[in-house]
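Here is a short guided tour for anyone at the bench who wants to find their way around this chain. Have the viewer open and follow along, stop by stop.

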Amino acid sequence: MTRPWDIAVVGGGIMGCATALGLAEGGMRVVVLDKGDLCQGASGVNAGTLSLQIKRVSLMDYALRGHELWEAMGDAVGFRKTGGYTLAFTPREAALLEERQTLKRAAGAPITFVSPKAVWAAEPGIADSVVAASYCPEDGYANSSLTGAYYRARLTEAGIAVRVRCPVEGVEASAGSFALATPDGPVRAARLLLAGGAWLAPLAAMLGVDLPVRARVNTVSVTEAMPALFSTVIGHATGLLTMKQKPNGTVLIGGGWQGRGTPDAGRGQVSADTLAPNVALACHAVPALQDARLLRSWTGFEANVPDFYPLAGALGGVEGAYVLGCVRGGFTIGPYLGRLMADLILGRAPERPLFDPNRSFEGDT
Ligand SMILES: Cc1cc2nc3c(=O)[nH]c(=O)nc-3n(C[C@H](O)[C@H](O)[C@H](O)COP(=O)(O)OP(=O)(O)OC[C@H]3O[C@@H](n4cnc5c(N)ncnc54)[C@H](O)[C@@H]3O)c2cc1C
């Protein structure tokens, strides 16, 4: 019989890959298993926005560290630190912007309020209906479609075994070890990390644990290549728009508008009802976008739990089992949470607190 792995990581998205790297650096023999390929779930189809302006106040410390890690990954993941403007077009939106960004600034994000004139001076393509704006020089983006190739190279360098198109179909836990059922035969490991994104609930259920994981069906769209329209990441006070123009001229439009579908039913679907207002808001912010043709729109599943905080820690009642997922803005924060998670599993004290997956969600909707 082959020697059991020190740990099996189920799910090769950002959470699983980042943790696997930390574990291998700490000396563990690691295998990563994915039912598809590395970063083909949320981690490979997201909008790639790295914006402190849209991060939750209580996660700001984690997002700041996440930004540093993306910057260090650099060109290999298409990292660009462009700065970003968040726009308000009505007095109500301006009040919302002031309230939210003041809190984020207090939490450590270097956000300043700027006048509409300053916005137009920096970004002449932005609509003249802006009434208030904020700016963060740390904002930018990376290219989510490069994350799979990036992590494949890093995992290989680190000597981590990667099994793709290898769904975990069942887990047996017994006295300090796990046996994972896969179509390629059983995989044995002393520890187990579940990092299955929007598919975490059925994975945890294999261990008899009920995790209240739900999925949002976020939509992203890309236009044809356009002449230079703007150079920073553009957002909206409500959080319902993120937009960046790539070096090749295409404009990527996101903002968390919901499509249709569920993770267990395969791919999600774009909904015309939400795509239209998403694109309308983008055109409202940068009017020249009205001339652009939309080339493609797609969806991805973003996992969450009722209190919208991450699940990151040991899984109660199953010794040696851990879970990491459900991180809002998980593209930004994922690499850092993966490091903290690796420290926890290696028996070191993580430098920031993790998020107990066994907490009560009663009262949260
Ligand atoms: C459309 C969209 C846009 C987003 N935009 C942004 C953004 O701009 N900025 C930002 O910070 N965040 C963004 N996010 C959030 C971010 O993408 C996610 O939080 C993050 O990628 C989640 O990573 P993950 O590794 O937990 O999940 P995933 O990347 O989904 O990885 C989970 C993996 O587990 C595998 N898996 C599941 N079940 C099994 C099984 N039984 N056996 C084997 N493998 C299994 C899946 O195949 C998948 O590869 C967006 C999300 C979406 C969907």
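## Two residues with positive phi

A good first stop is C39, found in the loop that links β2 (30-33) to α2 (42-45). Do keep in mind throughout that this is a predicted model. The phi angle of C39 is near 50°, which is a positive value in a residue other than glycine. Is C39 buried or exposed? C39 is buried, because its relative accessible area of 7% falls under the 20% cut-off.

F308 also has a positive phi, about 60°, although this residue is not a glycine. Look for F308 in the loop between β17 (294-304) and β18 (311-314). With a relative accessible area of 23%, F308 is partly exposed.

## Where α3 crosses α9

Next, turn to a pair of helices. Two packed helices are described by the angle between their axes and by the distance between those axes. Here the pair is α3 (residues 60-73) and α9 (residues 330-346), whose axes come within 7 Å and cross at roughly 95°. That crossing makes α3 roughly perpendicular to α9. Sorted by class, the residues of this contact are eleven nonpolar, three polar and two charged.

Which residues meet here? On the α3 side they are Y62, A63, R65, G66, H67, L69, W70 and M73. Facing them from α9 are F331, T332, I333, P335, Y336, L337, R339 and L340.

R65 deserves a closer look, since you will find this residue in helix α3. A polar contact of 2.4 Å joins the side chain of R65 to that of E68. Setting aside residues up to four places away in sequence, R65 touches Y336, R339, E351 and R352. Of these, Y336 and R339 belong to the α9 side of the helix contact.

## Around the ligand

How many residues surround the ligand? There are 35, and the closest are D34, K35, S43, T49 and T332. T332 is also one of the α9 residues that meet α3.

Several polar atoms of the protein sit opposite oxygen atoms of the ligand. An N or O atom in the side chain of N46 is 3.1 Å from a ligand oxygen. G48 offers a polar backbone atom, 3.3 Å from an oxygen atom of the ligand. G329 likewise has a polar backbone atom, at 3.1 Å from a ligand oxygen.

## Buried residues in strands

G313 lies in strand β18, and at 5% relative accessibility this glycine counts as buried. Which residues does G313 contact, leaving aside its neighbours within four places in sequence? They are Y322, V323, M341, L344, F355 and P357. For a sense of scale, G313 and A173 are 140 residues apart in sequence, and their C-alpha atoms are 18 Å apart in space.

V222 is found in strand β13 and counts as buried at 13% relative accessibility. Beyond its neighbours within four places in sequence, V222 is in contact with T250, V251, L252, L294, L295, R296 and W298. V222 and D37 are 185 residues apart along the chain, with 23 Å between their C-alpha atoms.

## Buried residues in loops

T232 sits in the loop between β13 (214-223) and β14 (233-236). Although placed in a loop, T232 is buried, with a relative accessible area of 7%. The side chains of T232 and E123 are joined by a polar contact of 2.4 Å. Apart from neighbours within four places in sequence, the residues in contact with T232 are T82, G83, G84, Y85, E123, M243 and K244.

The last stop is G268, in the loop between β16 (251-254) and α8 (272-285). Is G268 buried or exposed? G268 is buried, because its relative accessible area of 19% is under the 20% limit. G268 is in contact with V217, R260, G261, T299 and F301, once neighbours within four places in sequence are left aside. G268 and N218 are 50 residues apart in sequence, while their C-alpha atoms are 9.0 Å apart in space.

How values were computed. Residues numbered from 1 in each chain as written. Predicted model: local features only at pLDDT ≥ 70, side-chain atom pairs only at ≥ 80, totals over all residues. Heavy atoms only, no water. Helix = DSSP H or I, 4+ residues; strand = E, 2+ residues; numbered from the N terminus. Buried < 20%, exposed > 50% of the residue type's maximum accessible area, 1.4 Å probe, protein only. Axes fitted to C-alpha atoms, helices over the stretch in contact; angles between N-to-C directions. Parallel < 35°, antiparallel > 145°, perpendicular 65-115°, else oblique. Contact = heavy atoms within 4.5 Å. Nonpolar A, V, L, I, M, F, W, Y, C, P; charged D, E, K, R; others polar. Near = heavy atom within 4 Å. Polar contact = N/O pair within 3.5 Å; in protein donor to acceptor, adjacent residues only side chain to side chain.
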